[in-house]
Amino acid sequence: MFKRILIANRGEIAVRILRACRELGIRSVAVFSEVDRKSLHVRLADEAYPIGPAPARESYLHIDKIIGVARKSGADAIHPGYGFLAENAALPRACADAGITFIGPTAQAMEALGAKTAGRQIARRSDVPTVPGTNDPIEKPDEAHALASSMGFPVLLKAVAGGGGKGMRLVHSSAEFASAYRDASSEAMNAFGDPRLYLEKYLEKPHHVEIQILADHHGRVVSLGERECSVQRRHQKVIEEAPSPIMTPDLRKKMGDAAVRLARAGGYTNAGTVEFLVDSNLNFYFLEVNTRLQVEHPVTEQVTGLDLVKLQIAIAAGHRLPFAWETITPRGNAMEVRLYAEDPDNNFFPSPGKILSRQVPAGPGIRLDDGVYDGWTVPNDYDPLLAKLIAWGNSREETIARLRRALEESTVSGIKTNVGLFRRLLTEPDFLRGDVHTKWLDELIAKDHAAKSSTAKAATKKVASSSAPAANPDARPATATSVTTNFAADTAIANSDAAVIAAALWQAGDWAKNPAPANAIRDAQQDSRWKLEGRRAQLDRTQ
């Protein structure tokens, strides 16, 4: 077994991996950028080394620096976590050159299956159904545009080296293609250092179901069952669960067989995930292989009782998998929500800043994988994932009830989070029935925005009409009753205005003591008019 493992990552996944190392008696080596010097993974690791400025390209994506720290610390293995370099074949290749074990697949397997177009080619050769699209990376955008037009819109542009919704664009029409291609390619370059894209037909309202696999170096490949990942915002998963509400024993067997067949064909080892889209007729289509540990791996751990990180380490150290596929019997139901430092009420704008205090949920069936603490400042340089909240129960209904209770217990002050969004989603009838698809959340959010916009416009119109002066020169003199009523209304509005002014003065005094960031001041300026009109509309309803 290894003596030291370097964790080439940050945040909650770095904490998750170093805790597994500690339980195995292996020393953990952390790396950190300048803004992560006080991060939790740095505090908990046995050793920690700086690797450069905040930009990922100069720190967490810099392979030479990672390998340099591994040599300096005496680490005999590197775990990439997820994101950053986790699916970059250059890292396992550099590890091999340096005589360091990479905890993951070989560079060859990563290129064969992790490169999205290469994975599609292997899938077709392995008799695994695929979504129509290109087999190779797009070399000429004009040719891809022509192909998209022949396939029929909508289509998806996706990063060859990508994952997590990065470098992906849904294109609804020919007019959108050129700008979507530029944006997706640029985003892919920034996220993965590879601007190449491929094209596939967009399926309407499918379920996103993935199969967790493990493969050792002795020829054993097993499926650990599925995870349902259809609740997504802009192609980024936000809720995952196991088992899938749409799963049948026959479909699970077929999808598991396809995933194992694909892994064998690609010479895959270690942990990986084979992702599929499932249509309304329960036909499934290969989507991609994630050649790494997934964000949502705790869902599978909760229903199988296995520790996937420890199994990754054991496989990399040359051990055999101690079980066969047929011996894995999932138990109960597990569900995960991803807690982000973002503001759902402000178009999910990131909410960096200091965490002043928080209340951590606990109790039966609750697990929290996090990488934060009271007093830590969330940087604005990386993905704003704070933690993953996981619930387990004997049934889906019990799991949802436990997750709701945990979300009610969870509080964070100092920054905005998306906890409130999940409290709402877990009461939605469609979600409770399992009747969701990959665009369900985006459509729900769009519907909410449309409703709020309509309400705001109606309130504005009502305020404008009620405040407009009478234009009739023959109007009778006001009666005592009307004068009294108008005076009362004017007084109420004046009082409301005075309250707004007083609140603004108080806020100004508070900001003088604790200056707010520029974007917060800008948001307050933008919101004040709507708040005032909302108060006036509220007064109108009470008269």
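This is a short talk on how some helices and strands pack in one protein model.

Okay, so before anything else: what we have here is a predicted model. I'll start with the sheet, then go to the helices.

The sheet is open and has eight strands, in the order β13-β12-β9-β10-β11-β14-β21-β19, with antiparallel pairing. At the edges sit β13, residues 284–290, and β19, residues 366–370, and each of those pairs on one side only. Going from one strand to the next, the twist averages 25°. As a quick reminder, strands of a sheet pair through backbone hydrogen bonds, either parallel or antiparallel.

Let's walk through part of that order. Take β9, which covers residues 207–215: six bridges join β9 to β10, and the two run antiparallel. If you want a register marker there, look at I211, which stands opposite E226 in β10. Now, how many residues sit between β9 and β10 in their hairpin? Five, and in that turn G219 has a positive phi of about 95°.

On to β10 itself, residues 221–233. How much of this strand is buried? The count is 13 of its 13 residues. So much for the strand alone; what about its other neighbour? β10 is joined to β11 by four bridges, again antiparallel. Here R233 stands opposite Q236 in β11. This pair is a hairpin too, with two residues between the strands, and R234 in the turn has a positive phi of about 55°. If you like checking backbone torsions, G219 and R234 are the two I'd bring up on screen.

Next one along: β11, residues 236–242, connects to β14, residues 333–340, through four bridges, and those strands run antiparallel. The facing pair to look at is E240, which stands opposite E336 in β14.

There's another antiparallel pair I want to show, β6 and β8. Five bridges join β6, residues 155–159, to β8. K158 has Y198 in β8 as its bridge partner. As for burial, β8 spans residues 197–201, and four of its five residues are buried.

Right, helices. Two packed helices are described by the angle between their axes and the distance between the axes. First up is α1, residues 11–23, with α11, residues 308–316: their axes come within 9 Å and cross at roughly 65°. That makes α1 roughly perpendicular to α11. The crossing of α1 and α11 is right-handed. Who's touching whom? From α1 you have R16, I17, A20, C21 and E23, and they meet L308, V309, K310 and I313 in α11. Sorted by class, that contact has six nonpolar, no polar and three charged residues.

And α1 ties back to the sheet: α1 lies across β19 and β21, the latter being residues 385–393, and runs at about 110° to β19.

Last pair: α5, residues 107–114, and α6, residues 116–125. Their axes come within 5 Å and cross at roughly 80°, so α5 and α6 are roughly perpendicular to each other. The contact has E111, A112, L113 and G114 in α5 meeting K116, A118, G119 and I122 in α6. By class, you get four nonpolar, two polar and two charged residues there.

That's my tour, thanks.

Definitions and conventions: Residues are numbered from 1 along each chain as its sequence is written. This is a predicted model: local features need pLDDT of at least 70, side-chain atom pairs count only at pLDDT 80 or more; totals for chains, interfaces and linings use all residues. Side-chain values use heavy atoms; hydrogens and water are left out. Axes are lines fitted to C-alpha atoms, for helices over the stretch in contact, and angles run from 0 to 180 degrees between N-to-C directions. Angles under 35 degrees count as roughly parallel, over 145 as roughly antiparallel, 65 to 115 as roughly perpendicular and the rest as oblique. A crossing is left-handed if the near helix is turned anticlockwise from the far one by less than a right angle, and right-handed if clockwise. Contact means heavy atoms within 4.5 Å. Ala, Val, Leu, Ile, Met, Phe, Trp, Tyr, Cys and Pro count as nonpolar, Asp, Glu, Lys and Arg as charged, and the others, Gly among them, as polar. Two strands pair if DSSP finds at least two bridges between them. Buried means under 20% relative accessible area, exposed over 50%, partly exposed in between (1.4 Å probe, protein chains only).
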